[in-house]
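Thanks for making time this morning. I will put the model on the screen and walk through it one part after another.

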Amino acid sequence: MTLDAKIPSGPIEKKWDAHRFNLKLVNAANKRKYRIIVVGTGLAGASAAASLAELGFEVTSLCYHESPRRAHSIAAQGGINAPKNYTNDGDSIYRLFYDTVKGGDYRAREANVYRLAQVSGNIIDQCVAQGVPFAREYGGMLDNRSFGGAQVSRTFYARGQTGQQLLLGAYQALCRQIGTGKITFYPRREMLDLVVADGQARGIIARNMVTGELESYAGNAVVLATGGYGNTFYLSTMAKASNATAIWRAHKRGALFANPCFTQIHPTCIPQSGAYQSKLTLMSESLRNDGRIWVPKKKGDDRRPEEIPDTERDYYLERMYPSFGNLVPRDVASRRAKEMCDKGFGVGPTKQAVYLDFGDAINRNGKAWIEEKYGNLFDMYHEITAEDPYRTPMRIYPAVHYTMGGLWVDYNLMSTIPGLYVIGEANFSDHGANRLGASALMQGLADGYFILPYTIGDYLASAKFPAVSPSDPSFTQVKSDAEQRLKTLLSIRGKRTVDDFHKQLGKIMWDYVGMGRNAEGLNRAVGMIRALREEYWKDVKVVGSDASVNNDLERAARVADYMELGELLARDALHREESCGGHFREEYQTEEGEARRDDERFAYVAAWQHAGEGKDPILNKEPLAFEYVKPSQRSYK
Amino acid sequence: MNFTLKVWRQKSRDDRGGFKTYPAAEIPPDASFLEMLDVVNEQLIKSGEEPIAFDHDCREGICGSCGLMINGRAHGPQRGIATCELRMRSFTDGDSIVVEPWRARPFPIIKDLIVDRTALDRIMAAGGFISVRTGCAPEANAVPVPKNNAEEAMDAAACIGCGACVAVCKNSSAMLFVSAKVSQLALLPQGEPERKSRVDAMLAQMDAEGFGACSNTYACEAECPKRISVLHIARLNREYIRAKVG
């Protein structure tokens with residue numbers, strides 16, 4: 001398959017403007033004749049649904065939560081980037097673009113990233129106008145802070161709840177359109193499959209999670225804003241219900257899956273404490289602005305951290321990266337923490353942790369200052385660990401947090417299925433092989449507020465739409481497939497629970513497809529996942545019926561998809577014989593243990609095509625050209 | 001740690017429902033309340049019984065999905081946290097723990113511990129927003145906002161919409177929920193143009209959904225996982241009077 005990213009020609013700073021002019025428009029009076037189905041109500045989905053409805057389109061919005069406000073964007077803590085240069089420290093659109101391309105280790109599309117940087121300022125304007133209570137200075141102006149991977153302060157924030165406040169802003173815009181009737185909203189609906197008719201995405205099949213009924217929704221285009229696939233690893237910072245079913249089913253219906261192995265392991269999470277644990281909790285990266293990361297210089301030092309004098313501590317990030325110090329990008333910070341623990345310098349009961357210490361910041365600025373900036377994070381840490389981080393350094397360890405990979409989309413955010421758009425974390429997006437802090441919120445809202453509403457119009461204005469109805473075979477066939485899958489899961493009546501299988505899959509993923517990957521381990525993982533998948537369909541035990549609320553069945557269907565996606569993730573990691581960003585192949589590193597890219601062989605987007613059940617997926621390549629930011633080895637020293 | 005759970009089980013909205021007793025054995029003290037329920041549910045599934053249905057998602061106290069009445073306290077015995085943040089070390093080994101869903105007429109029970117809180121969304125859709133179309137916003141720093149106002153607006157905006165305030169109120173009032181949004185938007189200059197219509201519309205919808213009125217017992221503030229202050233209800237009342245006679 002030839003992949004056409006449809007990147008406009010011309011100088012990078014003019015591409016988006018020229019493209020917008022060239023896009024066809026739907027006549028204002030005709031907009032109400034088109035129905036767009038938006039799946040998911042996180043930052044990308046809610047902002048897209050609201051903006052499309054404001055334009056006059058009819059919108060169907062669905063989510064598996066009871067309310068749009070529960071989407072997991074709500075949990076993002078740290079902030080959102082925009083190069084407003086309010087701090088007068090030399091920021092610009094070009095600098096944000098440059099930082100993001102470099103931060104992504106030269107595996108993102110330049111044109112997309114530039115556009116992202118261009119519209120990011122509008123996002124801040126929009127959110128402020130919606131009433132998002134961003135942090136402010138005493139003069140009433142907006143405050144900024146710096147974030148990992150950047151040397152300027154360009155991050156806007158609302159205490160440690162930036163995601164919550166941005167999502168509530170988008171949710172309120174969505175609510176307004178529900179009130180006007182332009183958006184029809186369906187809560188507690190989980191998308192189980194995509195309907196493609198005459199080569200176009202024309203609808204979805206969703207399960208009503210209260211009655212169990214499978215429902216058909218038809219429209220002119222489908223937008224997936226269903227988030228990432230981090231829960232493949234079982235333990236992650238994702239919400240429990242976050243899942244990959246929507247994008248995975250779309251993949252199996254013909255959408256290409258790009259760079260699945262680009263997964264982000266976030267450096268500052270609360271370490272795991274036991275096998276009962278259901279998820280990991282992130283502590284915002286903003287903590288690295290004022291916290292210093294260290295381990296004892298002596299291996300297996302069992303003293304309490306307060307008893308270890310400064311001279312016997314190794315502030316290893318400051319030592320290795322004098323210019324960025326504790327603010328190195330996430331992939332670097334995570335890998336170094338793992339390395340310290342692997343070498344035996346880990347701390348805490350499991351020895352799988354490093355310290356994040358606020359002692360100096362508290363001495364310098366006072367406890368009240370820290371409390372105002374990070375109070376809710378400190379409370380959360382205290383609640384979980386029963387330790388007071390104002391006195392004892394926090395213990396942190398990396399955890400799966402974000403997935404840069406996702407469905408392949410062109411410059412218009414359309415997948416390889418005409419009429420299927422993918423936005424936010426669900427697409428493979430603009431972050432390359434590593435996402436910088438405060439960039440996810442930016443990308444989700446850029447897609448939803450300022451990109452998709454223009455590009456989708458071009459498709460609607462130019463495509464022909466034969467009439468479709470849920471009684472057509474294109475719908476009924478997909479519906480009966482979905483129904484059959486659920487019935488099969490219920491009929492296996494095996495011995496092992498869904499969670500039991502999911503935990504085992506997660507362990508394989510973390511051990512072999514996690515922070516350190518190598519060919520031998522990845523090959524082993526592929527075999528283990530296949531065997532586990534086979535066992536799953538023979539021995540899983542799912543209770544209850546498909547005709548009512550059934551949390552067990554919901555989970556079983558999601559885990560079935562992780563079992564397939566996990567294999568693709570491992571295969572992608574195996575094929576990419578280089579290290580870049582969050583993808584670290586142990587065979588490919590510099591003498592100093594940094595990622596060694598191979599631009600000659602791997603400067604491309606790996607877009608995988610489903611070839612049918614039991615067949616190997618087909619690799620398609622979209623070459624990446626870097627005209628503006630010349631690839632070099634990333635240096636944060 | 002070992003516990004005895006008395007859990008409300010109800011098959012569907014129309015089922016009568018009742019308490020059932022389950023042992024929760026060998027629970028680590030660091031487990032969260034929901035992780036304790038996970039352990040019990042795994043046992044139930046293994047024995048072929050349907051697991052206890054409850055809403056949950058982020059498990060870090062921000063999405064507002066979880067909400068259980070634990071020994072008669074919304075989100076359990078500790079203040080300022082959601083159910084998912086509650087750790088089993090807050091209980092004593094051997095405790096009996098009664099677990100119920102939110103009970104309020106506007107929150108019908110869907111199954112077991114899951115209730116339908118969509119009434120809160122309908123209140124939001126009635127007026128809990130600033131009408132600003134995508135693209136028409138002025139430059140973000142064009143309108144300065146005094147820091148204190150922004151901070152107070154943020155205090156109110158911290159509401160996670162869990163419904164604990166309704167569940168603990170003897171009148172099933174949603175005043176704390178409504179006041180948090182009215183207060184946030186009234187404190188910001190951006191919210192000024194719709195200040196009167198917003199409070200009016202949200203309160204009308206609150207009444208239409210069957211929520212009661214406030215009679216100042218302050219149980220809502222005491223049980224709010226985000227410690228939203230009842231002072232916002234005072235501001236709501238002032239806003240309402242201003243809308244009616246101002």
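A:Val605 sits opposite A:Glu622, a residue of β22 in chain A. This is a predicted model, so please keep that in mind throughout. The strand partnered with β22(A) here is β21 of chain A, residues 604–609, and the two are antiparallel, with six bridges between them. Both belong to an open sheet of four strands in chain A, ordered β17-β11-β21-β22, with antiparallel pairing. At the edges are β17, residues 406–407, and β22, residues 618–623, each of which pairs on one side only. Helix α15 of chain A packs on this sheet and touches β11 (257–258), β21 and β22; the direction of α15(A) makes about 140° with that of β21(A).

Next, the other open sheet. Which order do the strands of the five-stranded sheet in chain A follow? The order is β12-β16-β15-β13-β14, and the pairing is antiparallel. Its edge strands are β12, residues 263–269, and β14, residues 313–314, and each pairs on one side only. Within the sheet, β15 (residues 354–357) and β16 (residues 394–403) of chain A run antiparallel and are joined by three bridges. One bridge partner to look for is A:Ile396 in β16(A), which goes with A:Val354. A helix lies across this sheet as well: α8 of chain A, residues 330–342, crosses β12, β13 (292–296), β15 and β16, at about 65° to β12(A).

There is also a parallel pair to show. Strand β1 of chain A, residues 35–39, runs parallel to β2(A), with five bridges joining them. A:Ile36 is the residue opposite A:Val59 in β2(A). Is β2(A), residues 58–62, largely enclosed or left open by the rest of the structure? It is largely enclosed, because four of its five residues are buried.

Now a helix with two sides. In α1 of chain A, residues 15–22, the buried residues include A:Lys15, A:Trp16 and A:His19. These cover an arc of only 90° around the axis, so they are on the same side of α1(A). A:Ala18 and A:Phe21 are exposed, on the other side of α1(A). The buried residues of α1(A) pack against α4 of chain A.

That brings us to α4(A), and to one residue in it, A:Gln126. A:Gln126 has 27 C-beta neighbours inside 10 Å, so it counts as buried; the cut-off for that is 20 or more. Which residues is A:Gln126 in contact with, leaving aside neighbours within four places in sequence? They are A:Tyr449, B:Thr134 and B:Ala137. A:Gln126 and A:Ala170 are 44 residues apart in sequence, and their C-alpha atoms are 9.8 Å apart in space.

Two of those contacts are in chain B, so on to the contact between the chains. Here 64 residues of chain A are in contact with 66 residues of chain B. On the chain A side, α2 (43–55), α4 (110–130), α5 (162–180), α10 (367–385), α11 (440–462) and α15 (551–575) each supply at least two residues. The one that gives the most is α5(A), with nine residues. By type, the chain A residues that touch chain B divide into 26 nonpolar, 23 polar and 15 charged. For the complex, the predictor gives an ipTM of 0.98 and a pTM of 0.97.

One more residue in chain A: A:Tyr381, in helix α10. A:Tyr381 is buried, with 24 other C-beta atoms within 10 Å. Apart from neighbours within four places in sequence, A:Tyr381 is in contact with A:Ile270, A:Met283, A:Pro389 and A:Met394. A:Glu285 is 96 residues from A:Tyr381 in sequence and 14 Å from it in space, C-alpha to C-alpha.

Last, chain B on its own. Its secondary structure comes to eight helices and seven strands. The C-alpha trace of chain B spans about 60 × 35 × 35 Å along its principal axes. Of the 246 residues in chain B, 54% are buried. Among contacts in chain B with a separation of 6 or more, 70% are between residues 24 or more positions apart. As for confidence, chain B averages a pLDDT of 97, and 100% of the residues score at least 70.

That is what I have; questions are welcome.

Conventions:
Residues are numbered from 1 along each chain as its sequence is written. Chains are lettered from A and ligands numbered from 1 in the order in which they are written. This is a predicted model: local features need pLDDT of at least 70, side-chain atom pairs count only at pLDDT 80 or more; totals for chains, interfaces and linings use all residues. Two strands pair if DSSP finds at least two bridges between them. Two residues are in contact if their C-beta atoms, placed from the backbone, lie within 7 Å. Axes are lines fitted to C-alpha atoms, for helices over the stretch in contact, and angles run from 0 to 180 degrees between N-to-C directions. Ala, Val, Leu, Ile, Met, Phe, Trp, Tyr, Cys and Pro count as nonpolar, Asp, Glu, Lys and Arg as charged, and the others, Gly among them, as polar. pLDDT is the predictor's confidence in each residue, from 0 to 100. A residue is buried if 20 or more other C-beta atoms lie within 10 Å of its own, exposed if 12 or fewer, and partly exposed in between; C-beta atoms are placed from the backbone. The arc is that of the directions from the helix axis to the C-beta atoms.
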